[in-house]
Amino acid sequence: MRLPEQVMRLGIVVGGIAAIVLLLRFVLLPDTLFSAKPHQAATVVREMEKPLHHAGVAACRECHAEQFDLKYGGKHRNIGCENCHGPAAAHAAKPEAETSMPPLPREREKCLACHAYDSSRPNGFPQVDPQEHRPRKKCVSCHDPHDPVPDEAPEDCAACHGRIEQTKALSTHALLPCASCHAVDERHLTEPRLALPSKPDSREVCGRCHAAGSTDPDASKAVVDLESHGGTYVCWECHYAHLPEGRK
Ligand code: HEC
Ligand code: HEC
Ligand code: HEC
Ligand code: HEC
Ligand code: HEC
Ligand code: HEC
Ligand code: HEC
Ligand code: HEC
């Protein structure tokens, strides 16, 4: 049986289109248009060819057991050496080479990258306010970077209240010790939040030195009438105690 003429022609056209599609798919167009696999394979090869920059903590431990042990026993346990010292594969491979000696990151900024106060950090992560926490001094002058919890409690309030100390130092209250207005428990110096110092709670605290006829050895020449001056408000409603001459 012969097919009708129209069916033959249609067959030739359909066959032609199919041939073009197959030619495009398998011969003319590259495989990468149809599958991610060649991309992945090429990327793996490309990345594998890159030189390694980091050696990893295990390598550092081989030669720097002292620093490793110190760090492992302290709060920086989980911070890799190269987080602070930078990539050191070249150094680990050839430690005597001066050119690849890892830097010693002593600048404040290096520590503050992780410890400067930032509300987006996880709850409880130890953070400091760089303006308050011993401004300008190098962190490593008090903290061993490999075991950062300091051995000794600070002796002065300025270690943690730097800004208040600086403000007061330039005020008329410069010569008053912090203790003339705050009673401080020893424990406050090591575990500040567990033992908060007292704060003045009445006009009489200031009146001790500023009321007429005061017999306090530190009494001020600047005297006010405690009964009337400033109404019934507490004094620090108008005078900042750490800079009292600058009225709010
Ligand atoms: C094959 C031994 C070896 C390996 C591995 C090694 N180091 Fe060293 N490293 C040395 C030697 C040797 C010195 C120079 C003497 C010294 O100061 O202790 C040195 C010095 C250093 C210094 C001090 C530079 C200075 O100026 O005082 C740092 C920091 C350091 N290495 C970090 C690392 C880190 C991080 C690693 C791991 C990635 C590492 N090292 C791996 C042997 C090694
Ligand atoms: C938190 C950052 C930090 C980490 C983590 C760290 N270091 Fe250090 N490292 C420092 C700083 C800062 C100094 C410089 C200290 C100084 O001069 O007072 C230093 C000094 C060194 C020195 C010089 C000698 C010394 O002890 O002062 C070596 C060696 C060293 N580090 C190796 C290591 C190795 C090995 C590790 C990992 C086990 C490591 N460090 C982890 C910050 C870090
Ligand atoms: C890569 C981030 C990182 C860097 C850089 C870093 N630290 Fe830390 N630090 C941490 C982590 C993480 C802890 C542990 C926090 C915890 O125990 O919850 C920590 C803990 C501490 C603690 C203990 C706080 C406490 O009492 O619990 C001190 C102090 C400290 N770091 C000081 C420093 C100093 C000083 C430097 C610079 C030499 C520094 N850190 C650099 C991440 C970092
Ligand atoms: C003059 C000494 C001194 C210097 C300089 C200093 N610190 Fe401290 N820092 C201390 C002492 C002491 C403590 C312990 C008291 C405490 O637990 O709050 C402390 C506590 C900390 C804590 C723990 C805070 C907490 O809430 O648990 C961190 C983090 C810290 N310091 C980071 C730093 C960083 C970062 C620098 C540099 C920018 C720095 N320190 C500079 C003395 C110092
Ligand atoms: C080791 C760090 C540190 C030292 C040293 C330190 N403080 Fe504090 N102080 C703190 C912290 C942390 C707080 C709590 C701040 C907060 O809750 O915002 C605080 C709070 C205070 C408060 C406010 C209490 C309150 O109820 O709001 C006073 C007052 C105070 N300290 C006085 C002092 C005096 C005076 C000294 C010196 C004898 C001193 N502090 C030494 C860390 C310290
Ligand atoms: C003349 C008295 C006086 C002296 C001296 C003084 N304070 Fe205060 N302090 C106050 C008063 C008043 C307040 C505010 C109380 C309130 O708001 O309830 C205060 C508040 C504080 C607070 C709470 C935070 C704030 O800023 O309100 C801290 C921390 C503090 N003082 C630390 C210190 C330190 C550290 C010193 C020594 C450098 C010091 N004070 C010296 C009277 C004093
Ligand atoms: C232990 C004594 C003492 C206490 C307590 C004290 N002061 Fe003073 N105050 C002084 C001295 C001393 C001066 C310096 C003025 C002078 O030369 O006599 C001064 C100065 C001042 C001045 C500036 C006076 C001027 O000449 O402009 C003000 C305002 C002041 N204090 C307010 C306060 C307030 C508010 C409190 C309570 C939070 C307070 N004082 C607590 C001793 C004290
Ligand atoms: C309502 C605000 C206010 C309150 C509250 C207040 N003061 Fe004043 N104080 C002032 C003003 C304003 C001045 C400056 C004008 C003046 O000399 O009367 C001043 C001046 C002073 C002076 C300087 C006087 C002089 O001779 O130079 C002292 C000291 C002083 N106050 C202490 C205190 C004490 C102590 C308290 C709490 C018992 C207090 N003040 C409460 C607003 C206040």
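Arg9 is exposed, because its relative accessibility of 55% is over the 50% cut-off. In this predicted model, Arg9 pairs with Glu5 in a salt bridge whose closest N and O atoms are 3.4 Å apart. The notes below start from that pair, move on to the other charged contacts, and then visit the iron sites of ligands 3, 4 and 7.

**Arg9 and its partner**

- Glu5 is partly exposed, at a relative accessible area of 43%, whereas Arg9 counts as exposed.
- Both residues sit in helix α1, which covers residues 5-28, and because they are four residues apart there, about one helical turn separates them.
- As background, side chains of opposite charge can pair when their charged atoms come close.

**Other salt bridges**

- Searching the whole structure turns up eight salt bridges.
- Glu107 and Lys110 join through their side chains, with an N to O distance of 3.7 Å; Glu107 has a relative accessible area of 38% and is partly exposed.
- Asp185 and Arg187 form a salt bridge as well, at 3.8 Å from N to O.
- Asp185 is partly exposed at 36% relative accessibility, and Arg187 is partly exposed too, with a relative accessible area of 46%.
- A network of salt bridges links Asp129, Glu132 and Arg163.

**The iron site of ligand 3**

- The iron atom of ligand 3 has two protein donors, His76 and His115, each using NE2 and lying 2.0 Å from the metal.
- His76 belongs to the loop between α4 (65-72) and α5 (81-85), while His115 is in helix α7 (residues 108-115), so the two histidines tie together parts that are 39 residues apart in sequence.
- Six donor atoms surround this iron atom, and with angles of 88 to 178 degrees among them the site is octahedral.
- His115 is partly exposed, since its relative accessibility is 22%.
- Around ligand 3 there are 15 residues, and the closest are His76, Cys111, Cys114, His115 and Pro148.
- That shell is made up of 10 nonpolar, three polar and two charged residues.
- A polar side-chain atom of His76 is 2.8 Å from a nitrogen atom of ligand 3, and an N or O atom in the side chain of His115 is also 2.8 Å from a nitrogen atom of ligand 3.

**The iron site of ligand 4**

- His133 and His143 coordinate the iron atom of ligand 4 through NE2, at 2.0 Å.
- Both histidines lie in the loop between α7 and α8, so this pair ties together parts that are 10 residues apart in sequence.
- The angles among the six donor atoms run from 86 to 180 degrees, and the site is octahedral.
- His133 is partly exposed at 27% relative accessibility, as is His143, with a relative accessible area of 26%.

**The iron site of ligand 7**

- For the iron atom of ligand 7, the coordinating atoms from the protein are NE2 of His173 and NE2 of His210, at 2.0 Å.
- His173 lies in the loop between α8 (162-169) and α9 (203-210), and His210 lies in helix α9, so the pair connects parts that are 37 residues apart in sequence.
- Why is the arrangement around this iron atom of ligand 7 octahedral? Its six donor atoms subtend angles of 86 to 179 degrees, and an octahedral site needs opposite donors over 155 degrees apart and all others between 65 and 115.
- Is His173 buried or exposed? At 18% relative accessibility His173 counts as buried, whereas His210, at 24%, counts as partly exposed.

Technical notes:
Residues numbered from 1 in each chain as written. Chains lettered and ligands numbered in written order. Predicted model: local features only at pLDDT ≥ 70, side-chain atom pairs only at ≥ 80, totals over all residues. Heavy atoms only, no water. Donors = N, O, S within 2.8 Å, 3.2 Å for Na, K, Ca; no water. Tetrahedral: all angles 85-135°; square planar, octahedral: opposite > 155°, others 65-115°. Buried < 20%, exposed > 50% of the residue type's maximum accessible area, 1.4 Å probe, protein only. Near = heavy atom within 4 Å. Polar contact = N/O pair within 3.5 Å; in protein donor to acceptor, adjacent residues only side chain to side chain. Nonpolar A, V, L, I, M, F, W, Y, C, P; charged D, E, K, R; others polar. Salt bridge = Lys/Arg side-chain N within 4 Å of Asp/Glu carboxyl O.
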